[in-house]
Amino acid sequence: MQHFVQLFRSIDATTSSNAKIDALVEYFRAAAPADAAWAVYFLSGKRLKRFITSRDLQLWARQLTGLPEWLFAECYSSVGDTAETVALLVGNEQTGDSSLSLQQWLENRILPLRQLEKAQQAQAVKGWWQQLSITECFVLNKMLTGAFRVGVAKTMVYKALAQVTGLPQAVIAHRFIGDWQPSADFYRLAVDPEQRRSDSAKPYPFYLAYPLELDPDHPDSVTTGNQLENRLGPTDHWLAEWKWDGIRGQMLHHQSGVYLWSRGEDVITHQFPELAEAATQLPQGVVLDGEILCWREGRPEPFSALQKRLGRKRPSARFLRQYPAVFMAYDLLEYGHLNQRNQLLAQRKQLLATVLDGLSQPSVFRQSPPVAFDSWPMLEQLRQSARHYGVEGLMLKRLDSPYLSGRKKGDWWKYKVDPYTLDAVLLYAQPGSGRRASLYTDYTFGVWQDDELVPVAKAYSGLSDKAINRVDNWIRKNTVERFGPVRSVRPELVFELAFENIAPSPRHKSRLALRFPRIKRWREDKTSREADSLTMLEHLLAEKANGVSPLPAASGRIASPDQD
Amino acid sequence: MVNHTVDSTGVRSVSSSLSDSLLVNSPHGLYCPPGDFYIDPIKPVDRAIITHGHSDHARPGMGHYYCSANSAPLLAHRLGKDISVTPLDYGTVSDFRGVRVSLHPAGHIRGSAQVRVEHDHQCWVVTGDFKRCADPTAEPFEVVECDVLITEATFAVPIYRWRSGEAVAAEIMDWWRGNQATGTTSLLFCYSLGKAQRLLAELGRYTQKTVYAHGAVMPLYRIYQQQGVTMLSTESTVDLPRDHDYSDALVLAPPSAHRSSWMKRFKRVSTGFASGWMQVRGARRRRGYHRGFVLSDHADWPGLIHTVRQTGARQVYTTHGHNEVLARYLREQDIAAAPLSALHQQPASD
């Protein structure tokens, strides 16, 4: 494990992406294939099926050190990460590194823990801790509990492997996507430049769009027809589509079967049996990219309906009728077993139409319709009204764009509706985790209900480091009460929060839940009395409950790209 | 001997009448009523006993300063040559209106002192900032037995356990050598009084190369030098042309110089910070340094607990940092302890 720990140290010791990639390249050049396979596995964000929890680690560390629970909690609030807290408490000054490789650690030690009773697991892990340095304990704890987030993006790992193998990064990304078991054989095949056959059960890396900046105070803001014109040029190079509020997915139909993949690289075929069944009607050797939505009476259902579907591994027939799903196809990535991603978008869309037209109607496969617009100001109008149609905004795609991989600027943009906003009062604060451990950065906000402030949202981000420090300072000086790590503060600071959506929620005191709340700005000009009321939010909720309008008719035709 | 009673919270402990409390909190800072002097006062007073030269302990505007002999030149440098100072030798008892006062090494930085205060059969010790790890630049900590201990608690959480300065210096050498190999300047941030000199002494075990330093470090370096502390030879960046080649150099600078225009003179840099706070990854990443070196001039958790026990104190007050954590832990070990804020408040007299 010492080489992997060394790699972790090198990555951890720099903020430069290039230096991290250099460290990865150096590691992969020297590593045995089986070790390299495990390293890719962890660094690309995969985790062992969890059989040891943070609670276990905490308990065992307390048993080993004799610390009372409250004192462990104090340690945690200074660190913000259980694996690291435990490592700092139990790790030794000197490395007691054994000569075991990463693969041996995993396969001879860690994985066999699954077969053991808790007490035996505890004994084994405590024994290892007593042999290892603080950093080694940290790496071990991260592997045990999963979530090995150490400042390496998956793309950096792929970039490094591309450098080591000479293969294009997209090929590497495709070979390591989805579910795979780390082994020497798997790794050898995955990095073999001669290897041509790709695994037909795997999705292509998703192409993701950058958002256009909507904050009018931002120098790159794009919120007017003129700004759109300046940024994107003539309208006839562009296709507009609705940005559906579901989850991105890829549907694959191959000889080996039908596979539905989420963008999070999970197979969700079983959660959507009606989509899977309909996909068998697609020609073989086809991969579609699209949005999975719940759909009823010609319009999308709120995201909360889809969430229910995602939660059911084996939905009943009744459940399927209650929350019917569709696959709103955006793009065609493979046709006739051939990769289509280098074709122009307009051509891919034509082919997609042909494929979908071949299905018996009505079908759960729909083509995401183009949104007709003659001018940028008209498009801006459409964005403003998008919320009425139950969509998140618009997507803008160059008609001559290839299907790239990952988040790239230039050809695809998302053009979202403006978020909802409200002014709320800071009520509680607790320390953040990771980079923000020991600073008060996690806040609970409330709005007025008569003379009382009712909590409505928690938000974690959105302030500059400087503002965070100032608010942290204020919190320490204005604490009313402490409940463990949480402090209640004088209800004086007002923040403008942005949020994407609102839904009823019987679990909360306010009876409603905000989706993706974040801090937009600190309203130092406002007093808490000027904050919003619960009534305002209830009105918003009622407005939404009155239903979304039907979508405007699609133009039905996609213009050919202008190729002069 | 004072009657030490402890209630369930440990808050009110040394018996409750003001006249019995040898030290009290006052608006000006920690005060000794029978001796009429303050220890590290926060506002101007007539007589101030100063534990050490850091600016949160040695403040300007005092009528008269008392400090250790080795601390006096540091105070004069920081507060002005015209201050009135009486240097006191470690271990020598001075009389303040019948109160016996002596200073004892605290091991924090050069000249740092604990203050022992004895009167009417009570003995109190104020540790000031202290550490137990060996430090070639500071007089080693001396255990002083007492009835009541006022201890610092900056790093009073069990995650803080220090390695020796020698071991940390070896890590810094590895980093420096690695940077030299790629023509990268090693920019090591550290407090200019104490930490910088300790680093220059510890690194002397491994190299004889000249080190460079930000202008703020130099006068303090010279004071240490005059007191016979052996350190690597050090040159000020102020004395060198702006285009001087630092590509294989180690440069020390105070944290305030991080991301300042002073940094423009270096081409490729790797930045490091030497501090106890670097024990935690999040703290390092938040500050934006490439490397963190865990080197502190404060006592770590085991050092604090060990020290409290060694003094034999029956009542402990804790101050700075995690003072509540330390007090609660000590109470659970059956040692009467409370945050210093629980000590008697003397109302403002003026």
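Start by selecting A:Gly45 in this predicted model: the residue sits just after α3 of chain A and takes a positive phi of about 95°.

Now step back to the helix before that glycine. Select residues 33-43 of chain A, which make up helix α3. Is this helix mostly covered or mostly open? Mostly covered: ten of its eleven residues are buried. Show the side chains and you'll find A:Trp38, A:Tyr41 and A:Phe42 among the buried ones, along with the alanines A:Ala34, A:Ala36, A:Ala37 and A:Ala39. A:Asp35 is buried too, as are A:Val40 and A:Leu43.

What does the covering? Keep α3 of chain A on screen and add α1 (2-12) and α2 (17-30), two of the helices over its buried residues. Then bring in α7 (102-110), α9 (134-145), α10 (154-165) and α12 (184-190) of chain A, which are also part of the cover.

Next, zoom out to all of chain A and colour by secondary structure: there are 20 helices and 20 strands to pick through. Along the principal axes, the C-alpha atoms fill a box of roughly 70 × 70 × 50 Å. The radius of gyration is 26 Å, which agrees with the value near 24 Å for a compact globule of 564 residues.

Try colouring by burial: buried residues account for 53% of chain A. Contacts are worth a look as well; of those between residues at least 6 apart in sequence, 71% join residues at least 24 apart.

Finish on the surface. Chain A exposes about 26,200 Å², with 47% coming from carbon and sulfur atoms. Colour the charges and you have 70 positive and 63 negative side chains, the centres of the two sets lying 4 Å apart.

Key. Residues are numbered from 1 along each chain as its sequence is written. Chains are lettered from A and ligands numbered from 1 in the order in which they are written. This is a predicted model: local features need pLDDT of at least 70, side-chain atom pairs count only at pLDDT 80 or more; totals for chains, interfaces and linings use all residues. Side-chain values use heavy atoms; hydrogens and water are left out. Helices (H or I, at least four residues) and strands (E, at least two) are DSSP runs, numbered from the N terminus. The radius of gyration is taken over C-alpha atoms; the globule rule is 2.2 Å times the number of residues to the power 0.38. Buried means under 20% relative accessible area, exposed over 50%, partly exposed in between (1.4 Å probe, protein chains only). Contact means heavy atoms within 4.5 Å. Accessible areas come from the Shrake-Rupley method with a 1.4 Å probe; for residues, only the protein chains shown count as cover. Lys and Arg count as positive and Asp and Glu as negative; His and the chain ends are not counted. The place of a charge is taken as NZ of Lys, CZ of Arg, CG of Asp or CD of Glu.
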